[in-house]
Structure formats: C-alpha cells, structure tokens
Amino acid sequence: MNEPIVARHWLAIVTPKAAPAVATSTVLILGRIWNANGAEHSVGNAALMVVLATGAAVAGGFASAGRAGDSVIAGTAFAASGGLALAGVAGYADGWSLPLLLWALATAVAYGLAARYWRTDRRESVAYERHTIERREEHAHVERVEALRAGAQIEVAREGAAYATALAQALTARAALPGFDPVQLTRGGLPELPASE
C-alpha cells in the first residue's frame, strides 16, 4: 500500500509546545499594560480581579464536582481563574519581581498540566499507529494467502486444460488409425465417444 507522505511544518510541531508559555506571557504583558494605564494600587481594579478569579475558580469547582464532570470545562475555568489572578497581580503590583515570579510559577504549572495531556495524546497516537499496522499486516497476509490460492486454482485449471487437449489429440490420432472401433472402447469401460463424421 502506498501511503501519502505528510511532512508537517516545523511551526505546526512547535506551536502546541509553546502555547502555555505564550498564554502566560500574554497575560503578564496585558497585566503590565493595565498597570501602566492606572491599575497600580487601585482598590477597585484589584477587587474586580479578585471577584473574577474567584468566580472562575468556583465555576471550575462546579464543573469538576459532579460524577460526570467535564474535565475540559473545569480545566478551562481553573486556567481562567489563574490567568485572572496573574493579571490582577501584574496590574496591581509596583515592580516586576512579583509578577515575574507568578508568571514563572504559572508557566511551570501550565506545562505540568499540558504534559499530562500530551502524554495521553501520544499514547493514543502510538496505540492507533500500532493498531493500524496490525490491521495492514493482517490484510496483507490475507491477500497473500488468497493470491496463492488463486494461483493454485489457475495452475490446476491450466493443467486440466492441457490434459484435456492431450486426450483429445490422442483420441483424434487413435480414431485416424485403421480398424478403430469406438464401440469396442465403450464395451471396455470407457465413456461413449461422440460419433465421428
């Protein structure tokens, strides 16, 4: 079987691995822009971020609390909660040290969580590839067996046709001999031959 060769672009390979760092860096940058535009030491802005982060955390808790909780919704809600908390600290804090520390922590946690899903995805991909290879090998084996069987049937048919041709030639040659009596052949146990004209 000819499989199409699919070569993924290097950006398509790197982008998922860079997504957690890009997401936390974006939140940090937006928080610092917010800081430069007047959020520094603003109690109203800090209260807003606390309320939003708490709301997102509560939503994540409710999403994961049920027996059939949706892990994607819960993960998204917890990630939003962490992002809002990071943005609130980045917008409210004076210097860069606390926002950078929280950024590093958030990035490490994001990579830790993403690694778990990447491992699961890799296991599923490897299992699918193995299953596909096994299926292809099984189909190839069946094809080889059927090709051998068909070849044997063709060979038997070819030999049968050659035997029938040889028998017909022998009977024709025998019929051409003087004194040939087809009735004697029938009495001897051979099937009756068609009458020659």
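The following dialogue reads a predicted model of a helical protein chain, feature by feature.

Student: How far may the coordinates be trusted, and what is the mean pLDDT of the protein chain?

Tutor: As a general rule, where pLDDT is low, the predicted coordinates should not be read in detail. In this predicted model the protein chain averages a pLDDT of 81, and 87% of the residues score at least 70. Confidence is highest in α4, at a mean of 89, and lowest in helix α5 (residues 182-187), at 73.

Student: How many helices and strands does the protein chain have?

Tutor: There are 5 helices and 0 strands. Read along the sequence, the pattern is therefore α-α-α-α-α.

Student: What span does α4 reach, and what span is expected of it?

Tutor: The general idea is that an α-helix has 3.6 residues a turn, so residues three or four places apart point the same way. The span of a helix can also be compared with a rise of 1.5 Å a residue. Here α4 has 80 residues and reaches 115 Å from its first C-alpha to its last, close to the 118 Å expected. Within α4, Pro99, Thr107, Ala114 and Thr132 are buried.

Student: What share of the protein chain counts as buried?

Tutor: A residue is called buried when its relative accessible area is under 20%. Of the 197 residues of the protein chain, 14% meet that description.

Student: Is arginine 32 buried or exposed?

Tutor: Arginine 32, which lies in helix α1, counts as buried because its relative accessibility is 11%. Leaving aside neighbours within four places in sequence, arginine 32 is in contact with Ala90, Ala93, Asp94, Gly95, Trp96 and Pro99. One of these partners, Pro99, is itself buried in α4.

Student: Where is glycine 55 found, and how accessible is glycine 55?

Tutor: Glycine 55 is found in helix α2 (residues 43-65). With a relative accessible area of 38%, glycine 55 is partly exposed, because that class lies between the 20% and 50% cut-offs. The C-alpha atoms of glycine 55 and serine 81 are 7.6 Å apart, although 26 residues separate the two along the chain.

Student: What do contacts across the sequence look like for the protein chain as a whole?

Tutor: One takes the contacts between residues at least 6 apart in sequence and asks what share spans a longer stretch. In this protein chain, 67% of them join residues at least 24 apart.

Student: How much space lies in the largest pocket, and which residues are closest to its centre?

Tutor: A pocket may be described by its volume, its lining and the elements that supply that lining. The largest pocket holds about 840 Å³ of space. It is lined by 28 residues, and Gly75, Phe78, Ala79, Ala110 and Leu113 are the closest to its centre. The elements that give two or more residues to this lining are α1 (10-39), α3 (71-92) and α4 (97-176). Of these, α3 gives the most, with 12 residues. By class, the lining of the largest pocket divides into 21 nonpolar, 6 polar and 1 charged.

Student: What classes of residue line the second largest pocket?

Tutor: The second largest pocket contains about 310 Å³ of space. Its lining has 4 nonpolar, 1 polar and 5 charged residues. Among the lining residues are Arg8, Lys17, Asp121, Arg122 and Glu129, together with Trp118 and Ser125. Both α1 and α4 supply at least two residues of this lining, and α4 gives the most, with 5 residues.

How values were computed:
Residues are numbered from 1 along each chain as its sequence is written. This is a predicted model: local features need pLDDT of at least 70, side-chain atom pairs count only at pLDDT 80 or more; totals for chains, interfaces and linings use all residues. Side-chain values use heavy atoms; hydrogens and water are left out. On a 1 Å grid over the protein atoms alone, a cavity is a set of points where a 1.4 Å probe fits but cannot get out, and a pocket is an open set with protein on both sides within 12 Å along at least five of seven lines; lining residues have an atom within 4 Å of a point. Grid points are joined across faces, edges and corners, and a volume is the space filled by probe spheres set on the points. Helices (H or I, at least four residues) and strands (E, at least two) are DSSP runs, numbered from the N terminus. Ala, Val, Leu, Ile, Met, Phe, Trp, Tyr, Cys and Pro count as nonpolar, Asp, Glu, Lys and Arg as charged, and the others, Gly among them, as polar. The expected span of a helix is 1.5 Å times one less than its number of residues. Buried means under 20% relative accessible area, exposed over 50%, partly exposed in between (1.4 Å probe, protein chains only). pLDDT is the predictor's confidence in each residue, from 0 to 100. Contact means heavy atoms within 4.5 Å.
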